[in-house]
2 protein chains.
Amino acid sequence: MATKTKNATDETDGLNERLAHSGLRLTPQRRHVHDVLMEHMDHPTADQVFLRAKDSMPEISMATVYNTLDALVKCDMVRQVNVDRGATRYCANMKPHSHFYCDDCGSVYDVLQTISTSEANFKLPRGFKLRNIDTNIHGLCPDCTNKSRNRTN
Amino acid sequence: MATKTKNATDETDGLNERLAHSGLRLTPQRRHVHDVLMEHMDHPTADQVFLRAKDSMPEISMATVYNTLDALVKCDMVRQVNVDRGATRYCANMKPHSHFYCDDCGSVYDVLQTISTSEANFKLPRGFKLRNIDTNIHGLCPDCTNKSRNRTN
DNA sequence: CTAGGTGCAAAAGGTTTGCGGTTAA
DNA sequence: TTAACCGCAAACCTTTTGCACCTAG
């Protein structure tokens, strides 16, 4: 039924190097969680990652998923996405991009454009050190645009 | 000691109209919570709003603070700020602006510039309806920049 | 009279932590 | 051998909910 996942190896993504660079080890759990995130780039919550990871690693625990996600964030292999009150979402797409958040259904989409690729130059007050800019676009996704059209028209 | 707060009235901020427009009433609690948010625009969490509001309205409850904040958000008198895993922060500054988030100490500052005032033109795929763009600048605040300089040099 | 609002206490997420046991340099 | 890591369960923090009472239109 389910398509056989071909796991990434360190040659393909350099996960080991990235972890090592932050003084962290590459464990089977970390490899697996990263693979899970790479397989469907749909911005899952920690809980969703946990459920997916369990499919082929039944012993893995929620705590390990959280620890692992933190480790992957720390070594810059995963981004956290915080757009609303709900659970933090995780994103393994490390190419610069923004997120579109549907205010109606809460789904998150990548938008392949960032404020740094556009010609914005933010002037920060003296002493502030810029690390990166996080752009969250709020609006309605195609599905919800249709639904709301059908309601109001 | 503490400066006497001069409460805003509806003539000054039009809170009543805004609430009414969303089918909501202006209650003493809503007036007070909004005043509290206006007094120090330091992006407090719901809990901090609760503590400050209690100072001059001891009977107010946490649930009311949450309800009220939701009401104020709904009628566009307050913005929610979600930048990290922590509690949602609230911001009564409704002039378009971005937020600077210090990755070290977690404090939030307003930056009087937005992606829409800069010349960005986001191209969204067909069907997506843009409502607004939320820009969060991550980095180090002046205090933490100094601290980290002292540690590493 | 009734819908909307308040306050309380309990519940429901979501995330973190403490700890005993395991594993890899 | 020792520091890093895992899994479990409990704790914790933030937010929501159910309900009885109250109040303004």
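This tour passes through a predicted model, beginning at DNA strand C and ending at the interface of chain A and chain B.

**Stop 1: the surroundings of DNA strand C**

Select DNA strand C and display the residues within 4 Å of it. The selection should return 15 residues, and the closest are A:Y66, B:T27, B:R30, B:T64 and B:R85. Of the atoms of DNA strand C that come within 4 Å of the protein, 81% belong to sugar and phosphate. Colouring the surrounding residues by class gives 6 nonpolar, 5 polar and 4 charged.

Next, show the secondary structure behind this surface. Three helices each supply at least two of its residues: α5 (62-74) of chain A, and α3 (28-39) and α5 (62-74) of chain B.

**Stop 2: backbone atoms at the phosphates**

Turn on the backbone atoms of A:T88, B:R25 and B:E59. A polar backbone atom of A:T88 is 3.0 Å from a phosphate oxygen of DNA strand C. On chain B, a backbone N or O atom of B:R25 also lies 3.0 Å from a phosphate oxygen of the strand. For B:E59, the distance from a polar backbone atom to a phosphate oxygen is 3.4 Å.

**Stop 3: from the DNA to the protein interface**

Centre the view on B:R85, already met among the residues closest to DNA strand C. Its side chain forms a salt bridge with that of A:D70, at 2.5 Å from N to O. Between chain B and chain A the count is 4 salt bridges, and 18 residue pairs are in polar contact across the interface.

Now select the whole interface. Here 42 residues of chain B are in contact with 42 residues of chain A. The two chains bury about 3400 Å² between them, with 55% of that area on carbon and sulfur atoms. Highlight B:R85, B:F122 and B:F128: together they supply 19% of the area that chain B buries against chain A, more than any other three residues.

**Stop 4: the elements of chain B that face chain A**

Return to the 18 residue pairs in polar contact and display chain B as a cartoon. On the side that touches chain A, at least two residues come from each of α5, β3 (98-102), β4 (108-111), β5 (129-140) and α6 (142-152). The greatest contribution is that of β5(B), with 12 residues. By class, this side of chain B has 17 nonpolar, 15 polar and 10 charged residues.

**Stop 5: the paired strands**

Finally, isolate β5 of both chains. Strand β5 (residues 129-140) of chain A runs antiparallel to β5(B), and 11 bridges join the two. Label A:T135 to find B:T135 standing opposite in β5(B).

Notes
Residues are numbered from 1 along each chain as its sequence is written. Chains are lettered from A and ligands numbered from 1 in the order in which they are written. This is a predicted model: local features need pLDDT of at least 70, side-chain atom pairs count only at pLDDT 80 or more; totals for chains, interfaces and linings use all residues. Side-chain values use heavy atoms; hydrogens and water are left out. A polar contact is a pair of N or O atoms within 3.5 Å; within protein, one must be able to donate a hydrogen and the other to accept it, and residues adjacent in sequence count only if both atoms are side-chain atoms. Helices (H or I, at least four residues) and strands (E, at least two) are DSSP runs, numbered from the N terminus. Ala, Val, Leu, Ile, Met, Phe, Trp, Tyr, Cys and Pro count as nonpolar, Asp, Glu, Lys and Arg as charged, and the others, Gly among them, as polar. Contact means heavy atoms within 4.5 Å. Buried area is the accessible area (1.4 Å probe) that two parts lose on being put together, summed over both. Two strands pair if DSSP finds at least two bridges between them.
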